[in-house]
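Work through the exercises below with the sequence and the 3D structure open. Each task is followed by a solution in steps.

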Amino acid sequence: MSRRVIDLRSDTVTTPTEGMRRAIAAAEVGDDVYHDDPSVNALEERVAEILGVEAAMYTPTGTMANQAAIRVHTDHGDVVLAALRAHIDHHELGAANALSGVTVRQLDGERGTFTAEAVRAAVPVVPPSMPAALFQPVTLVACENTHNAAGGAVWPKDRLDAVTAIARELGIATHLDGARLWNAAVASGVAEASWAAGFDTVSVCFSKGLGAPMGSAVAGSRDLVDRARRFKQMFGGGFRQAGMMAAGALYAVEHHRSRLADDHANAARLAAGLAEMEGVDVDATAVETNMVYFEPTTTSAERLCAEAAEHGVLILPAGNAVRAVTHLGIDAGDIDDALGAISRVLRT
Ligand SMILES: *Cc1c(COP(=O)(O)O)cnc(C)c1O
């Protein structure tokens, strides 16, 4: 049977398009550790321009981009504030603890966000009668936009601005994990540079919805990015003729950003279809970008996913819920086929 598999497990499952493969094949390359790779340099300049900052550094993964930034902003023993189930903590396997020696303190809030008041409350006020040395310093606030574990939620812009403002007032550095900042920009109509404004560093990912084979970048002032280069090297990320991959990433940045609107429409189409199905609990209004979380009510998430796979539809269990993510390998017809398969599984 040669039925096509509809892979909705993640937007990381994308494979390079024809145009991207041509850009990769034609890439001029050099040794990136010596800053000699013209394709890497072009990508870094373009990303810095889009984000409205001085400089950017290409990294093999988003985890490395985030962790190099955290290492730049903190000393061992510091506290980093982040949202509940933040990628920098949960999905990076405690790397911030292991590599930077920091404590990540999670702030609860709505859909992967938190408030400026929560930041203020988490920062100790040293009473004049007490030695400052008794208080663990909070030196970094990290936000995630869109928030992965919260279902691809976009931060309300004013709440994010309030968080960066309070951090500045308290003398705390700020990092934006913008792995899916491209999605946030398309969904909100607020440009990437506006989202980045107010942050000291921002990471973005090319290997998710943009569809490049690999890579992320961390961006900010030239001074911060230069310091981050040291940690990229230390964390094992000096990757020589990386221009082969950077050319694919640059192609994706130029050609695949605006089409993310299609992914969002397909996610909405999936959520609307699921909402009409018996045996499914879904809040279609919570679908802001390219992720759909839903709960089967008559079977387990595990079983639904296993049986959907037999029908050629790959979705992921996430606790009691199921996660489906749209991307450039998925069109509206695939969504209708996936809905058909899920509905068949739920009826049997
Ligand atoms: C995917 C992702 C990253 C980076 O992941 P890598 O797999 O290391 O490239 C960082 N933050 C968020 C929110 C992500 O979804």
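A polar contact is a pair of N or O atoms within 3.5 Å. The model used here is a predicted one.

**Exercise 1. The ligand**

Task: List the residues around the ligand, then find polar side-chain atoms that lie within 3.5 Å of a ligand atom.

Step 1. The residues around the ligand are Thr 61, Gly 62, Thr 63, Asn 66, His 87, Glu 92, Glu 144, Asn 148, Asp 177, Ala 179, Arg 180 and Lys 208.

Step 2. Take Arg 180: one of its polar side-chain atoms is 2.8 Å from an oxygen atom of the ligand. For Thr 63, a polar side-chain atom lies 2.6 Å from a ligand oxygen atom. With Asp 177, an N or O atom of the side chain is 2.7 Å from a nitrogen atom of the ligand.

Step 3. Now consider how covered the ligand is. Taken alone it exposes 390 Å², and the protein buries 84% of that.

**Exercise 2. Asn 66**

Task: Asn 66 is one of the residues around the ligand. Decide whether Asn 66 is buried or exposed, and name its contacts outside its own stretch of sequence.

Step 1. Locate the residue: Asn 66 belongs to helix H3, residues 62-73.

Step 2. Apply the cut-off. Buried means under 20% relative accessible area. Asn 66 has 2%, so it is buried.

Step 3. Leave aside neighbours within four places in sequence; Asn 66 is then in contact with Ile 88, Glu 92, His 175, Asp 177 and Ser 203. With His 175 there is a polar contact of 2.8 Å between the two side chains. Glu 92 and Asp 177 also appear among the residues around the ligand.

**Exercise 3. Strands E2, E8 and E7**

Task: Work out how strand E8 (residues 216-220) pairs with E2 and with E7, and check both faces of E8 for burial.

Step 1. E2 (residues 55-59) and E8 run antiparallel and are joined by five bridges. Thr 59 is opposite Ser 216, and Met 57 is opposite Val 218.

Step 2. E7 (residues 201-205) also pairs with E8 in the antiparallel sense, over five bridges. Here Thr 201 is opposite Gly 220.

Step 3. On one side of E8 are Ser 216, Val 218 and Gly 220, on the other Ala 217 and Ala 219, and all are buried.

Step 4. Do the same for E2: Ala 55, Met 57 and Thr 59 point one way, Ala 56 and Tyr 58 the other, and all of them are buried.

**Exercise 4. Strand E3 and its partners**

Task: In which sense does E3 pair with E4 and with E5, and why does E3 count as largely enclosed?

Step 1. E3 covers residues 79-83; five of its five residues are buried, so the strand is largely enclosed by the rest of the structure. Val 79, Leu 81 and Ala 83 are on one face, with Val 80 and Ala 82 on the other.

Step 2. E3 and E4 (residues 103-107) run parallel and share five bridges. With E5 (residues 138-144), E3 pairs in the parallel sense over four bridges.

Step 3. Ala 82 helps to locate both pairings: it stands opposite Gln 106 in E4, and its bridge partner in E5 is Ala 142.

**Exercise 5. The nonpolar cores**

Task: Which members of the largest nonpolar core touch the most other members, and which helix gives the most to this core?

Step 1. The largest nonpolar core has 51 residues, and those touching the most other members are Tyr 58, Leu 81, Phe 114, Val 141, Cys 143, Val 204 and Phe 206.

Step 2. Helix H2 (residues 38-51) gives the most to this core, with six residues.

Step 3. Another core lies apart from it and has 28 residues, including Ala 271, Val 280, Val 287 and Val 345.

Step 4. A general tendency fits here: in soluble globular proteins, nonpolar side chains tend to be buried together.

**Exercise 6. Two loop residues**

Task: Classify Thr 146 and Asp 283 by relative accessibility.

Step 1. Thr 146 lies in the loop between E5 and helix H7 (157-170). Its relative accessibility is 2%, so Thr 146 counts as buried. Among the residues it touches beyond four places in sequence are Arg 180, Leu 181 and Thr 289.

Step 2. Asp 283 sits in the loop between strand E9 (280-282) and strand E10 (291-296). Asp 283 counts as partly exposed because its relative accessibility is 44%. The side chains of Asp 283 and Thr 285 are joined by a polar contact of 2.4 Å.

Note on methods: Residues are numbered from 1 along each chain as its sequence is written. This is a predicted model: local features need pLDDT of at least 70, side-chain atom pairs count only at pLDDT 80 or more; totals for chains, interfaces and linings use all residues. Side-chain values use heavy atoms; hydrogens and water are left out. A nonpolar core is a set of buried Ala, Val, Leu, Ile, Met, Phe, Trp, Tyr and Cys residues joined through side-chain atoms within 4.5 Å. Buried means under 20% relative accessible area, exposed over 50%, partly exposed in between (1.4 Å probe, protein chains only). Helices (H or I, at least four residues) and strands (E, at least two) are DSSP runs, numbered from the N terminus. Two strands pair if DSSP finds at least two bridges between them. A residue is near a molecule or strand if one of its heavy atoms lies within 4 Å of it. A polar contact is a pair of N or O atoms within 3.5 Å; within protein, one must be able to donate a hydrogen and the other to accept it, and residues adjacent in sequence count only if both atoms are side-chain atoms. Accessible areas come from the Shrake-Rupley method with a 1.4 Å probe; for residues, only the protein chains shown count as cover. Contact means heavy atoms within 4.5 Å.
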